[in-house]
Amino acid sequence: MKNAELQIGCQTFTWEMLGTDWGGGPDDLVRAIADGGYAGIEITDTMIGHYALKPAAFARTLTDAGLALVSFAFGSPSGFTVAEKIAADLDTARRWADFAANFPGAMVSMGSATVVSDGPRDEKFAIAAECYNRATEIGQSAGVTVAVHPSSHHNTLLFTRNDYDRLFALLDPQVGWVPDTGHILRGGQQIGDTLAVYRDRIRYVHLKDVDAGGIWAMLGEGVCDVPAVISAVRDAPNFIGWIVVEEESDHAATDPAAAVRANRETLRGLGF
């Protein structure tokens, strides 16, 4: 894939992480991301707002702003690791797969398996794998690809390379993966090796940066080798071409719109 075929999108968690300090809605997100110079948006179940039951209206809003929906991301209070909640989690997966099906090429991203209950940690990998596998089957029925997005946040089940190995060994081949550079680095992984070993699962990328201590940094100000990451993923056989920028640093907490604009300029300076 050539540079011209890469597309740069933006994730809305940059605003979501502000919690009650963010008083805007999805239309504000769309405007900020379009004004920031991005071509696509990844939005979450928390931020979709009044469009949750109006996919056609959201599609018109995106078209008017010149944006594509890259993916719809959702998590669950179950952390996808509670056996008794699998049925409810799959109902949610079906809802959002049906939503994403209204947007050509859009995917569904499921959040990181997370420990939210007592019991052996080992057993939770199998529960998460069952949920991800069955959700992917639901997505296929709707014509939508489903992928897993591991994180490094509190109580994640997917932090180290060993964690990735254990889960991915249980996943069906058609289950995708959204590698997140910041979370991989915070887990102490060799990012190039992890990307290479699981290259067949890569669908798109969450691009963000951390410093040497694992603290979130603006893109280009930390230890993430952005050109090397893009070079690695662009040759992955199932990569759909999207690099989705996400910002979690203190700069984003101060002014998220300015932070995502600055990250887009950083990528332009690198030739993307």
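In which loop is the place of N155? N155 sits in the loop between β5 (146–148) and α6 (161–168), where helices (H or I, at least four residues) and strands (E, at least two) are DSSP runs, numbered from the N terminus. The model is predicted: local features need pLDDT of at least 70, side-chain atom pairs count only at pLDDT 80 or more, and totals for chains, interfaces and linings use all residues. Residues are numbered from 1 along each chain as its sequence is written, and side-chain values use heavy atoms, with hydrogens and water left out.

The description starts with the sheet. Eight strands form an open sheet in the order β6-β5-β4-β3-β2-β1-β10-β7, with parallel pairing. Its edge strands are β6 (176–177) and β7 (205–207), each of which pairs on one side only. Two strands count as paired if DSSP finds at least two bridges between them.

Strand β2 covers residues 40–44 and is mostly covered, with five of its five residues buried. Buried means under 20% relative accessible area, exposed means over 50%, and partly exposed lies in between (1.4 Å probe, protein chains only). In a regular strand the side chains alternate between the two faces of the sheet. In β2, G40, E42 and T44 point one way, while I41 and I43 point the other way, and all are buried.

On one side of β2 is β1 (residues 7–11), which runs parallel to β2 and is joined to it by three bridges. C10 has I41 of β2 as its bridge partner, and Q11 has E42. Strand β3 (residues 68–74) also runs parallel to β2, and five bridges join the two. Here G40 stands opposite A68 in β3.

Between β2 and β3 the chain passes through a helix. β2, helix α3 (residues 55–65) and β3 make a right-handed β-α-β unit. The crossover is called right-handed if, with the strands pointing away from the viewer, the path from the first strand over the helix to the second runs clockwise.

Helix α3 also packs with helix α2 (residues 26–35): their axes come within 10 Å and cross at roughly 25°. Axes here are lines fitted to C-alpha atoms, for helices over the stretch in contact, and angles run from 0 to 180 degrees between N-to-C directions. α2 and α3 are therefore roughly parallel to each other. Angles under 35 degrees count as roughly parallel, over 145 as roughly antiparallel, 65 to 115 as roughly perpendicular and the rest as oblique. The crossing of α2 and α3 is right-handed; a crossing is right-handed if the near helix is turned clockwise from the far one by less than a right angle, and left-handed if anticlockwise.

Back in the sheet, β1 is largely enclosed by the rest of the structure, because four of its five residues are buried. Besides β2, β1 pairs with β10 (residues 242–245), to which four bridges join it in parallel. I8 stands opposite I243 in β10. From β10, W242 and V244 point one way and I243 and V245 the other way, and all are buried. Three bridges join β10 to β7, and these two strands run parallel. V245 of β10 is the bridge partner of L207.

Two residues outside the strands have a positive phi without being glycine. F80 has a phi of about 60° and is found in the loop between β3 and α4 (86–100). F80 is buried, with a relative accessible area of 1%. N155, met at the start, has a phi near 70°. N155 is partly exposed, with a relative accessible area of 39%.

Another residue to find is T254, in helix α10 (residues 250–254). T254 is exposed, with a relative accessible area of 69%. T254 and L18 are 236 residues apart in sequence and 9.2 Å apart in space, C-alpha to C-alpha.

A record adds an annotation. In an unreviewed UniProt entry, the annotation "domain: Xylose isomerase-like TIM barrel" covers residues 30–268. UniProt positions are given in the numbering used here, feature names are shortened, and annotations may be inferred rather than shown by experiment. Over residues 30–268 the chain is 43% helix and 13% strand, and the end C-alpha atoms are 20 Å apart.
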